[in-house]
Amino acid sequence: MIKVAIVGGTGYTGVELLRLLVLHPQVSLAAITSRALAGQPVAELFPSLRGHCDLAFCEPDLAQLATCDVVFFATPHGVAQAQVPELVARGVRVIDLSADFRLRDIATWERWYNQSHAAPELAAEAVYGLPEVNREQIAGARLVACPGCYPTAIQLGWIPLLERNLVEPGHLVASAASGATGAGRQGKTELLLAENSDSFRAYASGGHRHLPEIEQGLRRVQAAGSAEPRVTFVPHLLPMVRGIHATLFARLNGDSGLAELQELYEQRYAAEPFVDVLPPGSHPQTRSVRGSNMCRIALARPDDRDTVVVMSVIDNLAKGASAQAIQNMNIMFGLNEKLGLESPALLP
Ligand SMILES: NC(=O)c1ccc[n+]([C@@H]2O[C@H](COP(=O)([O-])OP(=O)(O)OC[C@H]3O[C@@H](n4cnc5c(N)ncnc54)[C@H](OP(=O)(O)O)[C@@H]3O)[C@@H](O)[C@H]2O)c1
């Protein structure tokens, strides 16, 4: 059994990790931390876990964490980078759900996150946890940086086109919308029901922290010799609990027809257990991935003009965070990648 700890067990990604890990056949949960609720039974805060988890929250204690095989960090950025170096030095493998180790360029990280980085040497070593691109490196990693939720939906949507240099990389446009759990569990006025329901709005249109991560990921996969990917990314807040819908626009370089593009996507993702390319003419819905690790993708080429539209949906807490983190754990420990992640989406 893999001995697992979660740092930050009271947030939305923390409880999603718990929901999936309590049924994982190869996992034994050893510690779930919360500084605010240390001592309180986990199932008291999350009654959904009654009968599944009899641990109480504990303080994050490095000595206890160091007895585990793997530690998940489901904490705000800035937390993991302070604690991970010692854990890794003591032979513990780490899967970080925060942004701490996602960016290679430390100056870029420090500019977007407005603080200095405490462990730049580990950021250089960390493996970006998008299995559809980095499966082999994830298998041997000591530290995996799980992708952000928007970056997961957007990169999976564009990878096949950029790998083949079929679109103009300098003019990529991503309009994406997320449910309210994307903002975490702490109280914020703009997330109150009365502020947020029956309404729809963009935010961070002048620049969102996921932009450098998206562009870094697309640079990794772009065809040799093609121009650097440049993305215009505008996120939106949807008055729902879970889910991301990304609508991606790109201008075609040549005259690839929709049928050809459809075949390209089907081939690129044929062996991927968690990417589903829908039949031509489909429109993916967030409810078709709710609670599951699946990304569903559909393509369109409106009126046969020169723009290809990719629609990509994920559950922000699942493929966008905790379930993808478990997919990474399965790969790191040589397990079947799908273990504990096979239940279909919750619909209706
Ligand atoms: N929500 C999403 O859809 C999503 C998707 C992908 C990635 N992420 C990333 O995943 C991380 C967690 O997100 P979330 O939405 O679950 O956050 P959250 O709801 O705000 O939860 C944060 C958790 O971290 C703990 N924590 C805060 N400061 C800490 C510290 N200094 N030391 C130890 N524990 C600390 C909190 O418990 P205590 O304060 O009681 O210790 C709490 O359990 C974030 O970095 C987020 O960007 C989130």
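The legends below describe close-up views of a predicted model.

**View 1. The open parallel sheet and its edge strands.** Six strands make up an open sheet with parallel pairing, and their order across the sheet is 2-1-3-4-6-5. Strand 2 (27-33) and strand 5 (127-128) are the edge strands, each of them pairing on one side only. Strand 5 is joined to strand 6 (residues 143-145) in the parallel sense over two bridges, and within this pairing Val127 has Val144 of strand 6 as its bridge partner.

**View 2. Strand 9 and its two neighbours, strands 7 and 8.** Strand 9 (residues 231-237) is largely enclosed by the rest of the structure, because five of its seven residues are buried, that is, they have under 20% relative accessible area. Strand 7 (residues 172-178) runs parallel to strand 9 and is joined to it by seven bridges, with Leu172 having Val231 of strand 9 as its bridge partner. Strand 8 (residues 201-202), by contrast, runs antiparallel to strand 9, to which it is joined by two bridges, and here Arg201 stands opposite Leu237 of strand 9. In a regular strand, the side chains alternate between the two faces of the sheet.

**View 3. A patch of negative charge on the surface.** Four residues, Asp255, Glu260, Glu263 and Glu266, gather on the surface in a patch of negative charge. Of these, Glu266 has its place in helix 11 (residues 258-268), and this residue counts as partly exposed because its relative accessibility is 39%, a value between the 20% limit for buried and the 50% limit for exposed.

**View 4. Two loop residues with positive phi.** Most residues other than glycine have a negative phi. Asn165, which lies in the loop between helix 8 (149-163) and strand 7, nevertheless has a positive phi, near 55°, and with a relative accessible area of 32% it is partly exposed. Asp304 is likewise not a glycine and has a positive phi of about 55°; Asp304 lies in the loop between strand 12 (295-300) and strand 13 (307-314), and at 58% relative accessibility Asp304 counts as exposed.

**View 5. The cis peptide bond between Leu347 and Pro348.** Most peptide bonds are trans. The bond that leads from Leu347 to Pro348 is instead cis, with omega near 5°, and Pro348 is found in the segment that comes after helix 12 (318-332).

Technical notes
Residues are numbered from 1 along each chain as its sequence is written. This is a predicted model: local features need pLDDT of at least 70, side-chain atom pairs count only at pLDDT 80 or more; totals for chains, interfaces and linings use all residues. Side-chain values use heavy atoms; hydrogens and water are left out. Patches are made of residues with over 30% relative accessible area and no salt bridge: like charges are joined within 9 Å, nonpolar side chains (Val, Leu, Ile, Met, Phe, Trp, Tyr) within 5 Å. Accessible areas come from the Shrake-Rupley method with a 1.4 Å probe; for residues, only the protein chains shown count as cover. A salt bridge is a side-chain nitrogen of Lys or Arg within 4 Å of a carboxyl oxygen of Asp or Glu. Lys and Arg count as positive and Asp and Glu as negative; His and the chain ends are not counted. The place of a charge is taken as NZ of Lys, CZ of Arg, CG of Asp or CD of Glu. Helices (H or I, at least four residues) and strands (E, at least two) are DSSP runs, numbered from the N terminus. Buried means under 20% relative accessible area, exposed over 50%, partly exposed in between (1.4 Å probe, protein chains only). Two strands pair if DSSP finds at least two bridges between them.
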